[in-house]
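User: I would like to go through this structure and ask, term by term, what the words rest on. Please set each value against its definition.

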Amino acid sequence: MIGFFAAMAVATASSCPPVDGAAALFTEKTKYVWVGEVHGTAEEPALFGDLVCQAAATRPVVVALERDVAEQPLWNAYLTSDGGAAARAAFLQARSWTWEVQDGRSSLAILDLAERLRLAKREGAIKDVKLILAGGASAAAYEQSMAQAVLAARDADPRTLVMAFSGNLHAKRGENVRQGETYALAAKAMPVGETLLVMIRGGSGTAWNCRRDCGESPRGGWSDQARRVDFANPPQGFDAVAYTGRSSTASPPAARPATRTALPGG
Amino acid sequence: MDLHALAIPTYVQMLKGLGNQLTKGEAYAVEHGLATEELLDARLAPDMFPLSTQVRLVCTQASDLLRHLTGADSFAPAEDATDFDGLRAQLTDAAQRIQATPASVFDGVAEKTIELKLPNGIVFDMTGEQFVRDWALPQFYFHLMAAYAILRHKGVALGKPDWVSHMFAYIRPGTMPGG
């Protein structure tokens, strides 16, 4: 929980270390910036928080997170709370914090990010936080519903910028395959020209997520890269890369004992 | 034996299947922050070819099928592809060329004498039917399985549904668990 309290101490709208090159993400023509991460590190949600903070200094910002839309009321309650122990305990009762598949989306780093967003919202630095994980009967529907939720997160204000945060795959303008059927990934449904897709690349180290099972595992990376946003050589399906400039550190589950678990049925 | 009816659908569906497996491999790399080269350069043993070469050799085997049976020009890729799009392009090209081969070109090839010369000087003499059954199909599947196994070894969540994804077309409605 050290990271959580550290974040509480420094996370105000006035304390966001700028990311070199990030200003190009926030120009007026861009309505959506969709940032993808490898789940389960401390550094990648923190970098997203820095990007949100930097964007909010220039544009009205709505944040969209890959979390279950059914838990929006719990998030709303936390975001408007005093952030105290009781509020935090109630917040952490949500199923996505406690469920058995701890794949990095319910990490301490995400809890830190939630706290930064609470403070930012309280200070008026961001307008709102919307959850975008609506599910679906098929892989295609799952992706499509996520895209629709990101699109819907934008309000009527023409200056509003939606800053979405999800796993890398959803944030890619591309396709995947399931049971022999090709389907579009979520970001492929986003309007080209109004959307910038950013892949975060961290340095090598560790991450807490799910491969054959869920837990801390080595994470390869780009340790020789300085912290910045780079438009020069984006990976296929993305418009830019955001380098953390730091080694990756596994961020364990925020609300469950940090023990390795097998994937259901795996 | 109607070698066209046997071989053409087999090659086409397995070439497409490997393309889908590569798409899942690419998705896995994106999801877990792996460099493309980490998969493309991966191999099962130090003296085995990497994934990019296995894919090229799958296409070479498809080309050799037509070259030996029908005298068609080779369409084997000259070099390994360097990204997933390139790998899929090789497979798509091979599948299209195989699929475009009319049945009439295969007339009489089952009985045709095939002389198969290896680079080390060994020569095999066989019929077209023996060539397809005993050489071409095993060689094709050898490289297909090597590519699949490399992806699986690197952690890509592949299984039998990805290996024989063409089988989904035959599922009796209502018998798919959860479907």
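Analyst: We can start with A:S248, which is buried, with 26 other C-beta atoms within 10 Å. This is a predicted model, in which local features need pLDDT of at least 70, side-chain atom pairs count only at pLDDT 80 or more, and totals for chains, interfaces and linings use all residues. Residues are numbered from 1 along each chain as its sequence is written, and chains are lettered from A and ligands numbered from 1 in the order in which they are written.

User: Why is A:S248 called buried?

Analyst: A residue is buried if 20 or more other C-beta atoms, placed from the backbone, lie within 10 Å of its own, exposed if 12 or fewer, and partly exposed in between. A:S248 has 26, so the word buried applies. The residue lies in strand β10 (residues 240–248) of chain A; strands (E, at least two residues) and helices (H or I, at least four) are DSSP runs, numbered from the N terminus.

User: What is A:S248 in contact with, leaving aside its neighbours within four places in sequence?

Analyst: Contact is defined by C-beta atoms, placed from the backbone, that lie within 7 Å. With those neighbours left aside, the partners of A:S248 include A:T41, A:E43, A:G203 and A:R219. A:R219 is 29 residues away in sequence, with 7.2 Å from C-alpha to C-alpha.

User: What makes A:M199 buried?

Analyst: Its count is 24 other C-beta atoms within 10 Å, so A:M199 meets the cut-off. A:M199 belongs to strand β7 (residues 195–210) of chain A. Leaving aside neighbours within four places in sequence, its contacts are A:G36, A:N168, A:A171, A:P235, A:F238 and A:V241.

User: How do you know that β5 and β6 of chain A pair?

Analyst: Strands pair if DSSP finds at least two bridges between them. Strand β5 (residues 175–178) and strand β6 (residues 181–184) of chain A have four bridges, in the antiparallel sense. In one of them, A:V177 has A:T182 in β6(A) as its partner. The hairpin has two residues between the strands, and A:Q179 takes a positive phi near 50 degrees there.

User: What makes the span of helix α5 of chain B close to the expected one?

Analyst: The expected span is 1.5 Å times one less than the number of residues. Helix α5 (residues 128–153) of chain B has 26 residues, for which 38 Å is expected, and reaches 35 Å from its first C-alpha to its last. There is also a kink of about 35 degrees at B:A136, shortly before the proline B:P138; the bend at a residue is the angle between axes fitted to the seven residues ending there and the seven starting there.

User: Why is α3(B) said to be largely enclosed?

Analyst: 17 of its 20 residues are buried, so α3(B) is largely enclosed by the rest of the structure. Just after this helix, B:G71 takes a positive phi of about 80 degrees.

User: How many residues does each chain bring to the contact between A and B?

Analyst: Chain B brings 17 residues and chain A 18. On the chain B side, helix α1 (residues 3–31) gives the largest share, six residues. That side divides into six nonpolar, seven polar and four charged residues; Ala, Val, Leu, Ile, Met, Phe, Trp, Tyr, Cys and Pro count as nonpolar, Asp, Glu, Lys and Arg as charged, and the others, Gly among them, as polar.

User: What confidence does the predictor give chain B?

Analyst: pLDDT is the predictor's confidence in each residue, from 0 to 100. Chain B averages 95, and 99% of its residues score at least 70. The model scores ipTM 0.82 and pTM 0.88.

Methods:
Contact = placed C-beta atoms within 7 Å.
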